[in-house]
Amino acid sequence: MLNRRRFMAVSGAALAAPALAQGANSRVLKFIPQADLTVLDPIWTTAYVTRNHGLAVFDTLYGLDSSFRAQPQMAAGHVTEDDGKRWKITLRPGLKFHDGTPVLARDCVASIGRWGKRDAMGQSLLSYTDELTALDDTTIQFRLKKPFVLLPDALGKVGSNICAIMPERLAKTDAFTQVTEMVGSGPFRFKADERIVGARVVYEKFADYVPREGGEAQWTSGPKRAYVDRVEWTIIPDQATAASAMQTGEMDWWEQPPADLVPTLRGLTTTIKDPTGLIGTLRMNQLLPPFDNPAIRKVLLKVVDQTDFMQAVTGTDPKLMHAPVGYFCPKLPMANDVGLEALTSKRDFEAAKKELAAAGYKGEKIVLMGASDFPTLKALADVAADMLSRAGFNVDYQVMDWGTVVQRRAKKDPIAQGGWNAFCTFWAGLDQANPAVSSFLRGNGAGAAIGWPTSEKIEALRSQWLDSPDVASQKTVAAEIQKQAFVDLPYLPLGQYFVQTSYRPNISGVLEGVPVFWNVKKG
């Protein structure tokens with residue numbers, strides 16, 4: 001853990017090393033991220049800390065505006081032909097990678113192909129695609145089996161995994177092998193030579209980045225203008241130390257201060273930037289016993305109390321949480337109340353124990369992973385450990401840093417070889433907006449996200465949703481998906497909370513949505 005003394009040493013070294021930071025402190029943005037950046041490749045993991053890093057370093061063909069609509073970003077625009085079965089996307093001029101090479105259509109084709117092997121919406125897009133080619137240096141062509149109107153939304157999605165465009169030589173890396181050389185074309189360059197694992201991550205403004213012309217910056221769309229020369233992440237697991245660093249001006253922006261410390265952050269701007277919030281989930285490994293048994297998974301519906309989980313994260317402020325929550329983000333079009341009675345009926349641990357025994361549970365050890373350096377995730381895991389134990393499970397609650405959880409959860413090995421049974425995480429509301437983007441709702445077995453559930457019914461309904469001709473029919477299918485999800489239980493929804501972020505009064509231009517560093521000014 002980074003204590004106060006070590007923080008001061010790392011912070012001092014960060015300021016002493018680069019001459020730029022010494023001479024122009026107002027051009028250095030000092031940021032406390034949600035957790036350490038242990039994985040650099042935004043395709044390999046869905047961890048949001050890696051997504052945030054990826055948005056700084058890599059650009060995307062489309063971006064998301066404040067109305068949740070996809071807008072051209074690296075793309076100058078597109079045309080559709082053959083009744084929507086042929087898309088031609090043209091790159092805007094002047095795009096350049098951080099190694100000085102131009103961004104070409106073939107780089108984009110390779111990047112889309114790699115991303116599409118890991119991302120739920122990318123998998124769907126590629127399943128609709130007959131051929132993806134570079135017609136020339138600036139034109140990308142999709143030939144589709146049938147129309148896919150969500151194509152720009154897929155390529156511009158903000159949730160994990162983003163469709164990060166990287167050079168072809170890197171994009172040819174197997175999608176299940178991490179890329180560690182960070183060469184993007186985004187507004188900031190990754191400074192590998194200044195990275196200190198567990199302590200610091202540094203980015204510098206990419207002088208050759210060409211922002212879009214016209215419009216305004218919204219979420220990940222519009223002109224991405226870097227007004228600071230450097231962005232320095234300092235990892236501070238100790239929350240009291242982080243709060244002190246904000247109050248003394250050693251740090252400028254704290255991504256996710258815990259709710260109980262927000263009242264101490266006097267004089268700072270503390271606000272909610274993402275109206276869709278975060279939705280808690282308990283993900284079970286369905287390749288291993290006992291959660292490969294659907295009857296055992298369903299026992300959890302008798303004991304989960306979403307309010308308990310959310311209050312552990314936010315305290316008792318009702319403005320910061322919402323329950324019950326099903327399988328789609330509340331207040332977005334696909335949200336519905338089908339099956340929610342499973343979450344709102346009386347909680348009954350004694351009945352759960354009887355059902356657990358009847359389902360064949362023999363007292364096998366359940367390895368539940370918790371994140372020691374990520375307070376909100378630790379709070380979820382603490383409540384989950386208590387809930388599982390009270391329901392009759394033999395819980396082996398293993399607490400480790402979030403980076404280790406991210407690495408370990410990708411393992412499919414048996415428990416004796418370092419495998420796992422369950423862990424808690426959050427998904428942004430936008431990542432549970434609909435069946436296309438929701439990775440945890442996939443039921444395609446080995447091709448699904450970590451946890452690897454199999455559900456032929458959910459997959460069939462998902463395909464039906466993608467083919468639905470209008471929002472009304474999409475809503476009907478989404479209700480059927482939620483009904484089936486409460487049967488198959490690909491994961492257990494734990495409620496929604498709204499993330500607060502804090503920054504000093506001399507910081508301006510922080511955009512709505514996810515943490516990005518363009519448009520931000522330090523006075």
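**Pockets, pairs and cores**

Me: How do the residues of the lining of the largest pocket divide into nonpolar, polar and charged?

Reply: There are 19 nonpolar, five polar and six charged residues in that lining. Keep in mind that this is a predicted model.

Me: Which of the residues lining the largest pocket lie nearest its centre?

Reply: The lining has 30 residues, and Met-121, Leu-150, Asp-153, Asn-434 and Trp-465 are the ones nearest the centre. Helix H15 (456-466) and helix H16 (471-488) are the elements that each give two or more residues to it. The space in this pocket comes to about 740 Å³.

Me: What makes Met-121 nonpolar and Asp-153 charged in that count?

Reply: The residue type decides: Met belongs to the nonpolar class, while Asp belongs to the charged one. Both residues are among those nearest the centre of the largest pocket.

Me: Why is the contact between Glu-232 and Arg-230 called a salt bridge?

Reply: The N to O distance between their side chains is 2.9 Å. A salt bridge needs an Arg or Lys side-chain nitrogen within 4 Å of a carboxyl oxygen of Asp or Glu, so this pair qualifies. In general, side chains of opposite charge can pair when their charged atoms come close.

Me: How do you know whether Glu-232 and Arg-230 are buried or exposed?

Reply: Glu-232 has a relative accessible area of 3%, and Arg-230 has 2%. Buried means under 20%, so both partners are buried.

Me: What about Lys-88 and Glu-81: what makes them a salt bridge?

Reply: Their closest N and O atoms are 3.7 Å apart, and the cut-off is 4 Å, so the pair counts. Lys-88 is partly exposed because its 24% falls between the limits of 20% and 50%. Glu-81, at 33%, is partly exposed for the same reason.

Me: Why are Glu-350 and Lys-353 separated by about one helical turn?

Reply: The two residues sit three apart in helix H12 (residues 349-358), which is why the separation is about one turn. Their closest N and O atoms are 3.7 Å apart, and they form a salt bridge. Glu-350, at 49%, still counts as partly exposed because exposed would need over 50%. Lys-353, at 36%, is partly exposed too.

Me: Which residues do salt bridges that share partners join into one network?

Reply: That network consists of Glu-81, Arg-86 and Lys-88. The count for the structure comes to 29 salt bridges.

Me: What makes a set of residues a nonpolar core, and which have the most contacts inside the largest one?

Reply: The members must be buried nonpolar residues, joined through side-chain atoms within 4.5 Å. The largest core has 153 residues, with Phe-142 and Leu-155 making the most contacts inside it. Helix H13 (residues 375-390) gives the largest share, eight residues. Setting aside neighbours within four places in sequence, Leu-155 is in contact with residues including Ile-89, Trp-115, Phe-142 and Cys-163. A second, separate core has eleven residues, among them Ala-242 and Trp-254.

Me: Why is the space of about 430 Å³ called a cavity and not a pocket?

Reply: A 1.4 Å probe fits inside a cavity but cannot get out, whereas a pocket is open. At about 430 Å³, this is the largest cavity. Of its 30 lining residues, Gln-34, Arg-51, Glu-255, Gln-256 and Leu-278 are the closest to its centre. Strand E17 (422-428) is one of the elements giving two or more residues to that lining, and its four residues are the largest share.

Notes: Residues are numbered from 1 along each chain as its sequence is written. This is a predicted model: local features need pLDDT of at least 70, side-chain atom pairs count only at pLDDT 80 or more; totals for chains, interfaces and linings use all residues. Side-chain values use heavy atoms; hydrogens and water are left out. On a 1 Å grid over the protein atoms alone, a cavity is a set of points where a 1.4 Å probe fits but cannot get out, and a pocket is an open set with protein on both sides within 12 Å along at least five of seven lines; lining residues have an atom within 4 Å of a point. Grid points are joined across faces, edges and corners, and a volume is the space filled by probe spheres set on the points. Buried means under 20% relative accessible area, exposed over 50%, partly exposed in between (1.4 Å probe, protein chains only). Contact means heavy atoms within 4.5 Å.
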